[in-house]
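Q: I am new to this structure and would like to know why things are called what they are. Could you walk me through it?

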Amino acid sequence: MEYALRVALALNCTINHHNIFARKNYFYPDLPKGYQISQYELPLGVNGWLDVELESGETKRIGIRRVHMEEDTGKLTHQDDGTSLVDYNRAGVPLLEIVTEPDIRSGEEARAYAMKVRQILRYLGVNSGDMEKGVLRVEPNISIRPVGTAKFGTRTELKNLNSFRVLADGTAFEIARQTAVLQSGGTVIQETRGWHEGRRETFSQRTKEEAEDYRYFPEPDLPPLHLDDAFVEQVRASLPELPDTKIARYMAEYELSEYDARVLAEERLVGEWFDTAVSKANAAGTTPKSVANWMINELFRLMNEAKLNIDAIQVTPTALVELIGLVEKQTINNNTAKEVLAEMFATGTAPAQIVESKGLAQISDNTAIQAIIDQVLADNPEQVSRYLEGQDKLRGFFVGQVMRQTKGKANPALVNQLLDAALNA
Amino acid sequence: MDISKLSLVELRAMLRRGEISSVAATEAMLDRIVDVDNDLQSYLTLTDELALEQAQAADTRLANGDSTPLLGVPVAVKDIICTEGVPTTAGSKILEGFVPPYDAFVVQKLKAAGAVILGKTNTDEFAMGSSTENSAYVTTRNPWDHERVPGGSSGGSAAAVAAGLAYAALGTDTGGSVRQPASFCGIAGLRPTYGRISRWGVIAFASTLDQVGTFGRTVADTTALFQAIAGHDPNDSTSLNVPVPNFEAALTGDIKGLRVGVPKEYFIEGIDAEVETAVRRAIAKLEELGAEIVEISLPHTSYALPVYYLIAPAEASANLARYDGIRFGPRVTGSDMIDSVKKTRALFGPEVKRRIMLGTYALSAGYYDEYYGRALKVRTLLKQDFLNAFEKVDVIATPTSPTTAFKIGENVDDPLAMYLQDIFTLSVNLSASCGLSVPCGFDSKGLPIGLQLIGNALQEATILNAAYAYEQFASWHKQLPVHGKL
C-alpha cells in the first residue's frame with residue numbers, strides 16, 4: 001500500500017483515505033481462488049495527471065482516472081497445439097493498476113506515456129519497469145470515432161505487449177485496422193487482442209460476448225484499510241524529487257540545456273550522482289555546467305563502453321569534480337584529463353594521485369616552455385624558413401613538436417603565446 | 001480409576017505430578033475410540049501413531065519438569081482445520097484425499113502447547129449444517145441417545161468430548177456450530193470473539209463469521225484449550241493484535257454484581273417448554289449467586305436468520321469457487337476443462353450446492369442491493385442492538401437452542417427447520433460478540449439442555465467466569481452419558 005500511495009501521489013492523484021477491497025468473482029484458470037482481490041468502488045487514487053513529452057517536443061497532459069491495488073493473476077501461455085499453460089508464480093502478488101482518461105491519440109503518445117510512467121516508477125523504487133519480464137504491463141484500450149463526435153466507439157484491448165516498441169506499433173496497427181473496418185462499413189467487436197510479432201499485426205484472443213457479472217462484494221478476509229493523514233503526508237514527504245522538477249531545476253539553477261537536463265534526469269541514480277557532484281563543484285573551483293559536460297561527454301562514453309550503470313562504476317562524484325578542478329586550475333589540460341578519467345574509471349584511483357604518479361602535471365613554467373620552443377626552432381631551421389615565407393600551416397607542426405617533447409603536458413595557451421612571440425620576433 | 005472420565009484440568013495436574021503418563025492417557029482414549037466410535041462415528045481420521053509419538057515425547061518432557069500448558073493432553077481437531085500430513089476433508093467429497101502441506105495456526109499453537117492430537121472429527125460439509133447429517137462421510141450420533149444427532153456442524157468434536165474420546169476439542173462456529181452441539185451433547189463450548197483466534201489454515205465457509213471455538217467437558221477445560229490457541233497471527237488480516245488475558249486465572253467463580261441481561265425476544269413461541277424452564281431456572285441461579293438480572297431488548301433479533309442466510313452463503317459462494325478439481329482433491333474428467341469443472345463440482349452435497357446458489361444469487365447484478373447490500377445494513381443494526389445492550393449489562397443469557405437434540409433424519413427434508421436450530425446463536429456471529437454454551441439441565445427424555453451466555457467483544461473472561469460459577473453451583477457436568485446406550 002505504501003508503494004501504491006507513492007505512485008498515486010507522484011501521479012498527482014486525490015487520495016482516498018478509506019480503502020475497501022472487493023472480491024471480483026469470475027471463473028478463469030488464471031485465478032487459483034476463483035476470485036480476484038481488487039479495489040472497486042473506492043480506488044486509492046483518483047483524478048490525477050501526468051505531463052508527457054511527445055516526439056514533436058510539445059508536452060501533453062494525460063489524465064489519470066484511477067490508481068488502485070489488486071492481486072496479480074497467473075500467467076497463461078497459449079500454445080500452438082491449442083493447449084494452454086498456467087504459471088501461478090505471480091498469482092496473488094500485489095499489483096498496481098493505473099488507468100488513464102481517454103486522452104491518448106496515437107501509438108507514439110501511448111509509448112511516450114508508458115515510458116514516462118516507467119521512469120517515475122523507477123524513480124520511486126517501486127518497479128524495475130521491465131516489460132519483457134512482465135513486471136510492467138501496458139494494455140491499451142483503443143477505439144475510433146469520427147472527428148467532432150463526443151461518443152467513443154467500441155473499444156478493443158491489446159494484451160501481452162512485451163516492449164514499448166510493440167506498444168506503439170500495436171496501437172498504431174489497431175487504429176489503422178479499426179479505421180479500415182469502419183470505413184468499409186463494418187463494426188468493431190469488443191474483444192481482447194494480442195500482437196503477433198511475426199506477422200506484425202493484432203489478432204483476436206478473447207471476445208466478451210456479454211457483460212460478465214463479477215458479483216463484487218467487500219473482501220471479507222481484508223478489513224477496510226484507513227490511511228490517516230499523518231501517514232499520507234509522511235509518504236508524500238519521502239518522495240524523491242521527480243524527473244520534471246529535476247529537469248526544471250537543472251535548467252533554471254545550472255543553466256543546462258533542456259537536452260542535457262533530460263539526459264541527467266533520465267534515471268534517478270544518475271540525477272543523484274550529478275546532484276552529489278554539483279554539491280562539491282564550487283569548493284573544487286568548477287561549475288555545475290562543467291560537471292554536466294564531463295558526465296555527458298566523457299563519463300557516459302566510458303560507461304557505455306564498459307556497459308556499466310552509474311551505481312557500478314569506480315569513479316565517485318567527488319573524484320570527478322576533483323579532476324575537473326585540476327583542469328580549471330590548469331594543473332592538467334583537457335586531453336590529459338580525459339586520460340586521467342579513463343584511468344580513474346579503470347582503477348578507481350584518485351585523479352591527483354594519477355597525475356602525481358605519472359608526472360602528468362601541466363608545464364606552465366615560461367622558462368621551461370621557452371627553452372623547449374627554442375630547441376624545436378633550432379632543430380627545424382628549414383620549417384622555420386618556410387613558415388617565415390608564408391606557410392602558416394607549419395605553426396601547427398611547431399606546436400605538435402613542443403607537445404611531443406613535453407609528452408602533451410605543456411600548457412597549450414602558454415605554448416601558443418610563446419611560440420608566436422618566438423616566430424614573430 | 002477410569003482415565004477417560006478425568007477432566008482435562010485433572011489430567012493435566014496428574015501428568016505434571018507424574019501420577020499418570022501421557023501415553024497411558026492417549027492409549028485410554030484410543031482404546032475407548034476403538035470400543036465406542038464404530039457406533040458413535042465422531043472421528044473421520046485417527047492419527048493414533050502420531051498421537052502415541054507425541055505422547056511419548058510429552059512424557060519425556062514431563063519427566064524433566066516441563067509444564068508447557070497442554071503438554072501430554074490428548075485432544076481432537078475438527079476436520080475443517082488443516083493438519084500437516086493428515087487428510088483434511090471439511091466433511092466433503094470434494095476434498096477427499098486432500099492432505100494439507102501445513103498446519104493451521106491453531107494447530108501450530110496446539111502443538112506448541114504440547115497437546116497430543118488424536119485425530120480429525122466429523123463435520124457437516126464445509127460446516128454447513130446443524131446435525132452432521134450433511135457430512136459426506138458419516139452421521140455422528142449423540143452420546144446421550146444414539147437415535148439422535150449431536151448437533152453441528154462441529155458435532156464430531158462435541159460427541160467425542162462428551163463420550164470421553166478426547167479431553168477437549170477444536171470446532172468452528174460460523175452461526176452456532178460450536179454452541180449448539182455443545183448444548184446437544186451436554187458439554188461446554190466457546191465461540192470466542194471474531195479475530196481472537198486466527199482463521200489461517202481453517203477452511204473458509206463464511207469469512208466474516210467463521211471463528212474457531214473450543215469444547216471441554218467443563219468450563220475450565222474449554223478455557224484451557226482456548227487459552228492455548230488465542231492470539232494474534234500476522235497471516236490473518238482479521239486477527240486482532242490485542243493482548244491475550246489469563247483466562248484460566250479469571251475463573252474465580254465470583255459473579256457478585258454481574259449484570260445479566262435477559263432478552264425478551266429470545267423466549268418466543270416455538271421454544272421447547274422444558275428448554276425454557278431449564279434456562280429460566282439457570283438464570284435464577286445466577287441471581288442466587290449474586291448476579292443482577294435485567295430484562296433487555298434486542299429488537300432486530302428476528303432479522304438475524306434472514307441476514308445470516310444472505311451473508312454466509314454469499315461469502316461461501318466465493319470461498320468455495322476454488323474447488324474445481326484442478327488443485328485440491330479429486331477430479332472428475334469431462335470432455336473439456338469447463339465440463340471437467342462442472343462434473344467435479346457435482347461432488348458437493350445438496351446443502352452446499354443450495355448455499356452456493358443462494359449466495360451467488362444474492363450477489364448478482366440487480367439483486368446485490370436488494371439482498372446482500374440490505375443484509376449488511378441490517379447486520380449493522382443487529383450489532384447496534386448488542387452494543388446498546390452491553391451498555392446496561394455485562395452478560396446476556398439465553399437458551400442455546402430452542403430444542404434438545406432431534407432425531408436423525410427428522411429435519412433433513414426441511415432446510416428451514418434445520419436453519420431455525422441456530423436462531424439463538426446466529427446473532428453472536430453477526431454482531432462480533434462472543435458466546436458460549438454451558439449445560440443447564442436435562443429434559444424428560446434425558447437429553448442435555450444448554451444455557452447460552454453472550455459477552456461483548458473480547459469479554460470472553462466475563463462469560464467464562466459466569467459459566468464457571470454456574471457450573472460449580474449446578475454440577476450438571478458431573479453427569480456423563482452412559483456408554484451402554486450406544
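**Why these names?**

A: Happily! A25(B) is a good place to begin: this residue is buried, with a relative accessible area of 0%. The model is a predicted one, and A25(B) sits in helix α2 (residues 22-40) of chain B.

Q: Why is A25(B) called buried?

A: Buried means under 20% relative accessible area. A25(B) has 0%, so the word buried applies.

Q: What makes I3(B), L11(B), P74(B) and Y167(B) contacts of A25(B)?

A: Contact means heavy atoms within 4.5 Å. A25(B) touches these four residues, leaving aside residues up to four places away in sequence.

Q: Why is E58(A) called partly exposed?

A: Partly exposed lies between the cut-offs of 20% for buried and 50% for exposed. E58(A) has a relative accessible area of 49%, so E58(A) counts as partly exposed. You will find E58(A) in the loop between β5 (45-53) and β6 (59-71) of chain A, where E58(A) touches V52(A) and E53(A), not counting residues up to four places away in sequence.

Q: And why does F27(A) count as partly exposed?

A: The relative accessibility of F27(A) is 35%, which lies between 20% and 50%, so the term is partly exposed. F27(A) belongs to the loop between β3 (21-25) and β4 (35-39) of chain A.

Q: What makes F27(A) a possible member of a surface patch, and which residues form the nonpolar patch with F27(A)?

A: Patch residues need over 30% relative accessible area, and F27(A) has 35%. I326(B), M337(B) and I338(B) form the nonpolar patch with F27(A), and together the four have about 310 Å² of accessible area.

Q: How do you know that R199(B) and D221(A) form a salt bridge?

A: The rule asks for a side-chain nitrogen of Lys or Arg within 4 Å of a carboxyl oxygen of Asp or Glu. Here the N to O distance is 2.9 Å, so the pair of R199(B) and D221(A) qualifies. Across the interface of chain B and chain A, the rule finds 1 salt bridge.

Q: How much area do chain B and chain A bury between them?

A: About 1,600 Å², with 61% of that on carbon and sulfur atoms. In chain B, A318(B), R327(B) and L363(B) lose the most area to chain A, together 25% of what that side buries. The contact takes 24 residues from chain B and 19 residues from chain A.

Methods:
Residues numbered from 1 in each chain as written. Chains lettered and ligands numbered in written order. Predicted model: local features only at pLDDT ≥ 70, side-chain atom pairs only at ≥ 80, totals over all residues. Heavy atoms only, no water. Patch = residues over 30% accessible without salt bridge, like charges linked within 9 Å, V, L, I, M, F, W, Y side chains within 5 Å. Areas by Shrake-Rupley, 256 points an atom, 1.4 Å probe, with all protein chains shown as cover. Helix = DSSP H or I, 4+ residues; strand = E, 2+ residues; numbered from the N terminus. Buried < 20%, exposed > 50% of the residue type's maximum accessible area, 1.4 Å probe, protein only. Buried area = accessible area lost by both parts, 1.4 Å probe.
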